[in-house]
Amino acid sequence: MEDVITWLKENGNLKIINEALDVELEIPHVAYVEVKKDDSRPILFTKPINKAKGIEYDMPVLMNIFANKEITQKIFGKHPDEVAEGIDALLKLKPPKAFMDKLKMIPKLISLKNVFPKRLGFKGECQEVIIPKEEVDLDKLPILKTWEEDGGPFITMGQVYTQSLDGSMQNLGMYRLQQYDKNRLGMHWQIHKDASHFFDQYQRAGKKMPVTVAIGGDPLYIWCGQAPMPHGMFEMLLYGFVRGKNAQLVKSITNDIYIPRDVDIVIEGFVDPEKMEIEGPFGDHTGYYTLKEPFPVMEVETITMKNEPVFAATVVGKPPLEDKYMGWATERVFLPMLKPMAPDLIDYYMPENGVFHNLILAKMKTLYPGHAQQFMHAFWGVGQMSFVKHAVFVGEDAPELEAHEAFTEHVLNRLDKEKILITQGIVDHLDHSSSRQFVGGKLGIDATAEEVEEGVSELLSDEVLLEKVQQLDSRVVTLKQYMTHTKNPVCMIAVNKEESQKTLIEKLQQLSAHIKVAVIVDHLNNDLNDPYMLVWRVVNNIDAQRDVMLEKIIAVDATNKGELDGFEREWPGDTFCTKEVLNVLQQKGLIDIDENFIKKFGLLPFN
């Protein structure tokens, strides 16, 4: 992995685009379209430019590094399940009792010495070029602006290295960084992250906080930056465990933070805890814009880089994105770490269209009544799992979790209002649907039991049922029923919203002979024939305490919220591509999409 570009050419079917393209919208739009393809490839843009600033950059932009499962596995050098097996064996390691047991343990202990990062006493390749403070100019980096309504250009694949006030703990996180001007970056470390906890320490002490941001290098650094390591554990330990060799770190030029020697670009600076600035808006991986909010500001002291650096970036927005494949690896690797708190957990899966923290599917051995509910509380009470909003648990006889159709059928045949748990807990910083930031509803479905006995009393066709629903409310535009062969068919209803949907839900109770589960979405920008994006919309848009009603029928209000609902926070908009940019890229032959593709993935507004 010393030369990532060469490695990707040989192992990743790297696509190279030599045409000059703008870092504002054009390059991100190409990458956004590419990552949604079944045969997605990494892309190298060799001639990035900035038309508005009149800049021709002297470094290429590399995107979509984790383009698919195959390349992700190659980056790891092994299947992530093999990494998980090693972690599982380590967690189960017991003190040896006999002499032979001690001998057998020696190879394991020797291999563990490779886990710990090694601090070098000399400069790294990332410090071949050193730009002093007075010459720092972030405009020399091809920082992307992905979405038209973004607050500015953002570094999207920055490895953010921080350390605690006393220097005893170091952290690697991946946070977006907004470029304000030539020497300042917005630090979007969310309130629940380790870097934010370190910031609190410096703030209380009234001291500036050193920060070093690295870009590029071994792609495994990027994955480690988003890995949900336990609090206080340096993510580069995970790098050593996966690679089987020590991460080699060098000291930053202007502070005491150590970073990998082989990254491409290093941005060093300090955060003054007394200075905050509005960051955003930013079209995020939820598929929505995160709103303007004050965050700390990093003042850049120096920038260092390789002689021929490559600028790594990612694109965010509606799924699927490359975090689909990064998240897949994370799921596999961290399964053994979940089992100590949930020993009867067999497997889990966080679908990318559930935006990971919004939906988890889990398979377990059920040993006693309430076992699934116990697991729900365990998940919601520990680490990054505590951000999960919706959890569905099935027994060991259930289909594979990634067998979407069969799994859904299995759950709907076991869906019972008495086995639905609605509670309250912490939610992700990016969650927009809760009435109060950081705290919102949680929903757990226990589908571990046998099939329920009663189904729909009288199943109607979509056309007949639509007519009956429209008689109740003329603002209903259309509906579609899914899984009508199960005990709990799902009736999707699209509306032109002019009032709170609680009114419609009350009326729908009259149709309980025909409807078991009703889910209401806005007609605008939703296609009832696209279940993939409907899942994305629903789990993003609901707060279980407010929007799930368990009366005669199970009803879910997944419409956008606002004054009609007594929702006082600002509701963000979808991330949409710029039509003119898509047209230009299509004319140049750089993308190949049709209206079906555009609508399928919500690239542009519709309805």
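This is a short tutorial dialogue on reading buried elements, strand pairing, aromatic pairs and cavities in a predicted model.

Q: Let's start with helix 7. Is helix 7 largely enclosed or largely open, and why?

A: A residue counts as buried when its relative accessible area is under 20%. In helix 7, which covers residues 219-226, seven of the eight residues are buried, so the rest of the structure largely encloses this helix. The buried ones are Pro219, Leu220, Tyr221, Ile222, Trp223, Cys224 and Gly225.

Q: What happens at the start of helix 7?

A: Look at aspartate 218 there: one of its side-chain oxygens comes to within 2.9 Å of the backbone nitrogen of leucine 220.

Q: Now the strands, please. Which strands pair with strand 20 in the antiparallel sense?

A: A helpful general idea first: side chains in a regular strand alternate between the two faces of the sheet. Here, strand 17 (residues 265-279) is joined to strand 20 by eleven bridges, and the two run antiparallel. Strand 8 (residues 129-131) also pairs with strand 20 in the antiparallel sense, over three bridges. Strand 13 (residues 184-187) is another antiparallel partner of strand 20, again with three bridges.

Q: Which residues are bridge partners in strand 20?

A: Here is an example for each pairing. Glutamate 277 has phenylalanine 295 as its bridge partner in strand 20. For isoleucine 131 the partner is isoleucine 303, and for arginine 184 it is glutamate 299.

Q: How many residues of strand 20 are buried?

A: Ten of the 13 residues in strand 20 (residues 293-305) are buried, so this strand is largely enclosed by the rest of the structure.

Q: How do I read a pair of aromatic rings, and how many aromatic pairs are there?

A: Two values describe such a pair: the distance of the centres and the angle of the planes. This structure holds eleven aromatic pairs. Take tyrosine 32 and tryptophan 147: their ring centres are 4.9 Å apart and their planes meet at 90°, so this pair is edge-to-face. The two rings come from distant parts of the chain, 115 residues apart, with tyrosine 32 in helix 2 (residues 26-35) and tryptophan 147 in the loop between strand 8 and strand 9. Tyrosine 32 counts as buried at 1% relative accessibility, and tryptophan 147 counts as buried at 1% as well.

Q: What kind of pair do phenylalanine 76 and tryptophan 223 form?

A: Phenylalanine 76 and tryptophan 223 are edge-to-face, with 4.8 Å from centre to centre and 70° between the planes. This pair also links distant parts of the chain, 147 residues apart: phenylalanine 76 lies in helix 3 (residues 69-76) and tryptophan 223 in helix 7. Both residues are buried. Together with Phe334, they form one aromatic cluster.

Q: Last topic: how many cavities of 30 Å³ or more are there?

A: Rolling a probe the size of a water molecule over the atoms shows where empty space is left. The structure holds three cavities of 30 Å³ or more, and the largest has a volume of about 90 Å³. Of the 13 residues lining that largest cavity, Asn525, Asn526, Asp527, Met533 and Phe606 are the closest to its centre. Helix 14 gives the most to this lining, with four residues. By class, the lining has four nonpolar, three polar and six charged residues.

Q: Which residues line the second largest cavity?

A: They include Glu24, Lys53, Asp139, Leu141 and Gln179. This second largest cavity holds about 60 Å³ of space, and its lining divides into four nonpolar, two polar and three charged residues.

Notes: Residues numbered from 1 in each chain as written. Predicted model: local features only at pLDDT ≥ 70, side-chain atom pairs only at ≥ 80, totals over all residues. Heavy atoms only, no water. Buried < 20%, exposed > 50% of the residue type's maximum accessible area, 1.4 Å probe, protein only. Polar contact = N/O pair within 3.5 Å; in protein donor to acceptor, adjacent residues only side chain to side chain. 1 Å grid on protein atoms, 1.4 Å probe; cavity = no way out; pocket = protein on both sides within 12 Å on 5 of 7 lines; lining within 4 Å. Points joined across faces, edges and corners; volume = space filled by probe spheres on them. Nonpolar A, V, L, I, M, F, W, Y, C, P; charged D, E, K, R; others polar. Pairing = 2+ DSSP bridges. Phe/Tyr/Trp six-rings, centres within 6.5 Å; stacked < 30°, edge-to-face > 60°.
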